[in-house]
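This report is written for a reader meeting the structure for the first time. It takes up helices, surface, charged pairs and backbone geometry in turn.

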Amino acid sequence: MTSAVKFRGLRRAILFFAILAPIWTIAVWRESIPLALAPLFFSHLLLLYPTLTPLSQWWGPVICSFATNQREVWITIDDGPSLAHTEKVLDLLDRHAARATFFVIGARAAAAPELLEQIRARGHQIANHTYSHPSARFWCALPNETAAQLDRCAAVIGEERAPYFRAPAGLKNGFIHPALARRNLSLVGWTARGFDTRGRSPQRVAARILRLVRPGAIVLLHEGHRVVEEPGYNLACIELTLRRLAEEGYSFVIPRPEQLRTGAGGT
């Protein structure tokens, strides 16, 4: 059985059970309320777990690491491009001889196409992170909205984009894998993240990543946050993480597609 068939079968089984559960609830409601509600409750758990757990493989494969026998990691930077940050991030990457993949938001990219050109010109990849980053609702988006988010972003970032997608906040939905397959895109998760979009110090962000990192890790960082109140915060997180990883002997690469691995990642 191929991986694609296995994932498709699991996805269909979860959806079938979710459809069957309310029918069962209605059929046995008068006989036993607990017995009627139990499958309904369980079906909701089956739907919510792979949706709200970013690295769950139940809906389909999620790339969480890459194969290497070197001390190498893949730096991925979400939520740009940012007029406040991107050029400075590129300078930091140059300073550490690092190559990275930028998962960009289509609407931000449309407003700053020159930053996309700089990212490409300086040897980095650009990948799809939806058009408007609807993190509050993408997990429950229907097929039309899911497809529109993918296609509108793709139209902005162009044909030179990397064949990768990352969901907003990692929260996927039950329709994303079929949509990605039709577009020859792969869903990328991470091995190590420092929660740098929350109220953590750059030191804590870097320390958490260092605890989770290993050769072949995918490291998740962000740009474009706190640009008014703390414009240096994202930059400090990236700089400190790169410096500490370099001190540990890591180099920063973009893996080849055949190196990518699905399965258990980090947190």
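Helices, as named here, are DSSP runs of H or I with at least four residues, numbered from the N terminus. The model described is a predicted one.

**Helix α1 and a nonpolar patch**

Helix α1 covers residues 3-28, and Leu20 has its place there. Leu20 has a relative accessibility of 39% and therefore counts as partly exposed, since the partly exposed class lies between the limits of 20% and 50%. Together with Ile19 and Ile23, Leu20 makes a nonpolar surface patch of about 290 Å².

**A buried leucine and a cis peptide bond**

Leu115 belongs to helix α5, which comprises residues 113-121. Is Leu115 buried or exposed? Its relative accessible area is 3%, so Leu115 is buried. Along the chain Leu115 and Gly80 are 35 residues apart, while their C-alpha atoms are separated by 9.2 Å.

Gly80 is also part of a notable backbone feature: the peptide bond that joins Gly80 and Pro81 is cis, with omega at about 0 degrees. Pro81 is located in the loop between β2 (72-80) and α3 (86-95). For context, most peptide bonds are trans, and most residues other than glycine have a negative phi.

**Two residues with positive phi**

His133, a residue other than glycine, has a positive phi near 55 degrees. The loop that holds His133 runs between β4 (125-128) and α6 (143-157). Asn184 likewise has a positive phi, near 55 degrees, and is not a glycine. Asn184 sits in the loop between α7 (176-182) and β6 (186-187). With a relative accessibility of 64%, Asn184 counts as exposed, because the exposed class begins over 50%.

**The packing of α8 and α9**

How do helices α8 and α9 pack? Helix α8 (residues 202-212) meets helix α9 (residues 233-247) at an angle of about 40 degrees, and the two axes are 8 Å apart. This angle makes α8 oblique to α9, because angles under 35 degrees would count as roughly parallel and those from 65 to 115 as roughly perpendicular. The crossing in which α8 passes α9 is right-handed.

**Salt bridges**

Side chains of opposite charge can pair when their charged atoms come close. How many salt bridges does a search of the whole structure find? The search finds eleven. Three of the pairs are listed below, with the distance between nitrogen and oxygen.

| Pair | N to O distance |
|---|---|
| Arg226 and Glu230 | 3.0 Å |
| Arg243 and Glu239 | 3.4 Å |
| Arg243 and Glu247 | 4.0 Å |

In the pair of Arg226 and Glu230, the arginine Arg226 counts as buried at 17% relative accessibility, whereas Glu230 counts as partly exposed at 36%.

Helix α9 contains both Arg243 and Glu239, which lie four residues apart, or about one turn of the helix. Why are Arg243 and Glu247 separated by about one helical turn? The reason is that Arg243 and Glu247 are four residues apart in helix α9. Arg243 thus has a salt bridge with Glu239 and another with Glu247. At 35% relative accessibility, Arg243 counts as partly exposed, while Glu247 is exposed with a relative accessible area of 58%. Elsewhere, salt bridges that share partners join Asp91, Asp94 and Arg122 into one network.

Methods. Residues are numbered from 1 along each chain as its sequence is written. This is a predicted model: local features need pLDDT of at least 70, side-chain atom pairs count only at pLDDT 80 or more; totals for chains, interfaces and linings use all residues. Side-chain values use heavy atoms; hydrogens and water are left out. Patches are made of residues with over 30% relative accessible area and no salt bridge: like charges are joined within 9 Å, nonpolar side chains (Val, Leu, Ile, Met, Phe, Trp, Tyr) within 5 Å. Accessible areas come from the Shrake-Rupley method with a 1.4 Å probe; for residues, only the protein chains shown count as cover. A salt bridge is a side-chain nitrogen of Lys or Arg within 4 Å of a carboxyl oxygen of Asp or Glu. Buried means under 20% relative accessible area, exposed over 50%, partly exposed in between (1.4 Å probe, protein chains only). Axes are lines fitted to C-alpha atoms, for helices over the stretch in contact, and angles run from 0 to 180 degrees between N-to-C directions. Angles under 35 degrees count as roughly parallel, over 145 as roughly antiparallel, 65 to 115 as roughly perpendicular and the rest as oblique. A crossing is left-handed if the near helix is turned anticlockwise from the far one by less than a right angle, and right-handed if clockwise.
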